[in-house]
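Me: I have a structure open and would like to talk it through before I plan anything around it. Could you go through it with me?

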Amino acid sequence: MPGRLARCAAATAVLVPLLAAGSPAASSVPSGTGALQESFAAAARQYGVPESVLLGVAYLESRWDAHDGAPSVAGGYGPMHLTDLRAATGEGGGRGTQTVQRAARLSGIPAARLRTDPGANVRGGAALLADHGRRLGAEHADGAAGWYAAVAAYAQAPDAATARVFADEVYAVLHAGVRRTTDSGETVTLPADATIRTTARTAAAPASHRAAPEEAECPRELACEWLPAPYEVYDGKDGEPDYGNHDKARRPHDQRIRYIVVHDTEGGYDGSVQSVLDPEFVSWHYTLRSSDGHVAQHVRTGDVAWHAGNWQVNAQSIGLEHEARLTDPDAWFTEAMYRSSARLVRHLAHEYDVPLNRQHILGHDNVPAPDAEQVPQMHTDPGPYWDWAHYFDLLGAPLEPAAQTDGRVVTIRPDYAAHRPQYTGCTQDAAALCPSHGSGAVRLRTRPAPDAPLVGDPGLHGAAPASTGVNDTGARASTGQQFAVAGRRGDWTAIWYLGRQAWFHNPTAAPTAIAGDGTTLAPRPGAGPVRVYGRALPEASAYPEGVEPKQPQPLPYELLPGQRYVVGDTMPGEHFHAPGLTDETGAASRVIRGRTLWHQIQVGHRIGYVKAADVTVARPRSGGQPNV
């Protein structure tokens, strides 16, 4: 297939999608003049560390954010992520050593100040990096390339492969360059260095560091391990035998993998891994660790894991669980995890021809309920603080305005750092305000006014409006999602959303959406309201004898005449039938495919499906490429 060949060719390149050549950070530009930038320069001079290497290490550790002195889940503080788990949790242990104390001894700066003062934190990190350099001979190196081993040691990783991945990513940043405004409002610049490329990595990395274990289906650039989920019989309810915790299949030979689903664990890495090893629990394909981006695979990508809460999406997807709690992004959503996840997803997308767009790279909060009754039970991770724009930059598929557009489609794309809608419910007090934080989600209102009520999701709220709750997806559109324009008035744009007009603030001076293109659909003239479904199933006559037909159940949403929705994919009705525990080949399972054609649409914050026979499709007038 031409698409697969093109993607495979692209996959051979190093993942360096931060900024294209010619952009401010990719050219030789003067350093910023902020206090943090000066701190990096001064610390590099004081300790004899290349400034670019110090900046690169800090970017991988924190993206130069200080998080107001709050620790990460690994007990890391400040831009250099100096660890002090005892101070963070009152307990010992954790990733590597307590580097705050070591940095305090090396720099003479008190530990408390290293935890709270960003400038002091940078000096402490520089002292620590210089110490690794002395031990490993980097102090005699000519330039940044000779510091690879010291950078790997700085990671304090539990194994050599994970340390190598950390260093690889640092050197990818050095090659590409980056410019970013931090959480304190300062702009920090790391100019690109095209001479870095792969010199340091290939010269310094032992052969044993260069490949992931053969058992895990990962790109060789990642540190992966194979921790298989069980596939076995156990005593179920009332002593009846049951099995878990996934199904054997033959994907993609019998069924296309259409989606990759991004989850978060809402708990720690170790507990999550223990859960997926329980035959009575659910399953997913991969778990990613927050502290260093380490990857564990549990279910073969050709098999069906039980992760999405929707059997069709399970059968057509690969699920990635990220160690995190969605209400505390600074502690959990680390740059190391974003980058490992992006490498893994890009690899899987190349392997299985999954388009790199938000119609196919889904959050768990974008997966539709299989029926109306289950709408309130659907999960809401990874939530409004997951940085989809940054993620797609790392995927090498940046969310950019359409080159040609007829103005009928918009792509949600606020400035993540500057866009800070107020959420509630990040603690046990559902009414308490969450800390101010960047977000990739926009709020949707019934009128073009800031005091207008939020729209509501009939499946969640009935006739009531949605809330500002961090887990309430009823009036939310997220970065990368595309919607048909329903109107414009001043600084406000309306989209068609869950069967109604929904308005979001989109001022010219600070836009929250960009021009999109794509195929749209509308109810067929004279057909009346069009029902939306959570599964695209085959017609009853397609099921063979002995297999009970699955009847599609409508969701509580309808498309009304005159409304339009963006088409994300087109597919025949399919059902993956797994009769129970089979042999390792999944020979007893089967895919039932019908003749009924379905369109996937962005109906609200979640996707949905409509029957092709009920709608008419309009291609972009400008000649832009449809999304299907």
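Reply: What follows is a walk through this predicted model, taking confidence, a few single residues, the aromatic pairs and the nonpolar cores in turn.

Me: What is the mean pLDDT of the chain, and where does pLDDT stay under 50?

Reply: The mean pLDDT of the protein chain is 89, and 89% of its residues reach 70 or more. It stays under 50 over residues 1-32, although the model has 67 contacts beyond four places in sequence for that stretch, and again over residues 623-628, for which there are 23 such contacts. Where pLDDT is low, the predicted coordinates should not be read in detail.

Me: OK, on to N366. Is it buried or exposed, and what does its side chain reach?

Reply: N366 has a relative accessible area of 1%, and because buried means under 20%, it counts as buried. It lies in the loop between strand 14 (361-363) and helix 15 (388-394), and its side chain reaches the backbone oxygen of H605 at 2.9 Å.

Me: Which residues is N366 in contact with, leaving aside its neighbours within four places in sequence?

Reply: Those contacts are R358, W388, Q481, H605, R606 and I607, so H605 appears here as well as in the side-chain contact.

Me: You listed W388 there. Which aromatic residue does W388 pair with?

Reply: Before that pair, it helps to know that the structure holds 18 aromatic pairs. One of them joins Y231 and Y243 in an edge-to-face arrangement, with 6.3 Å centre to centre and 85° between the planes. Y231 lies in the loop between strand 5 (224-226) and strand 6 (232-235), while Y243 lies in strand 7 (residues 241-244), so this pair ties together parts that are twelve residues apart in sequence. Both Y231 and Y243 are buried. W388, for its part, pairs with Y391, also edge-to-face, at 5.9 Å centre to centre and with 75° between the planes.

Me: Where do W388 and Y391 lie, and are they buried or exposed?

Reply: Both lie in helix 15, three residues apart, which is about one turn of the helix. W388 is buried, with a relative accessible area of 3%, and Y391 is buried too, at 0% relative accessibility. They belong to one aromatic cluster together with F333, Y338, W386 and F392.

Me: Which charged residues lie over the face of Y231 and of W226?

Reply: K248 lies over the face of Y231, at 5.2 Å from the ring centre, and R300 lies over the face of W226, at 4.0 Å from the ring centre.

Me: Changing topic to T301. Where does T301 lie, and how many residues separate T301 from E217 in sequence?

Reply: T301 is in the loop between strand 11 (295-297) and strand 12 (304-305), and it is buried, with a relative accessible area of 1%. T301 and E217 are 84 residues apart in sequence but 7.7 Å apart in space, C-alpha to C-alpha. Beyond four places in sequence, T301 has contacts that include E217, R251, H285 and Y352.

Me: Last one, the largest nonpolar core. Which residues touch the most other members?

Reply: Of the 50 residues in that core, L444 and L559 touch the most other members. The largest share of this core, five residues, comes from strand 19 (residues 492-497). Beyond four places in sequence, L559 touches residues including L521, V530, Y565, I601 and V610. A second, separate core has 48 residues, among them L54, V122, A144 and L174. In soluble globular proteins, nonpolar side chains tend to be buried together.

How values were computed
Residues are numbered from 1 along each chain as its sequence is written. This is a predicted model: local features need pLDDT of at least 70, side-chain atom pairs count only at pLDDT 80 or more; totals for chains, interfaces and linings use all residues. Side-chain values use heavy atoms; hydrogens and water are left out. Helices (H or I, at least four residues) and strands (E, at least two) are DSSP runs, numbered from the N terminus. Buried means under 20% relative accessible area, exposed over 50%, partly exposed in between (1.4 Å probe, protein chains only). A polar contact is a pair of N or O atoms within 3.5 Å; within protein, one must be able to donate a hydrogen and the other to accept it, and residues adjacent in sequence count only if both atoms are side-chain atoms. Contact means heavy atoms within 4.5 Å. Rings of Phe, Tyr and Trp (its six-membered ring) pair if their centres lie within 6.5 Å; planes under 30 degrees apart count as stacked, over 60 as edge-to-face and the rest as tilted. A charge sits over a ring if NZ of Lys or CZ of Arg is within 6 Å of the ring centre and within 35 degrees of the ring normal. A nonpolar core is a set of buried Ala, Val, Leu, Ile, Met, Phe, Trp, Tyr and Cys residues joined through side-chain atoms within 4.5 Å. pLDDT is the predictor's confidence in each residue, from 0 to 100.
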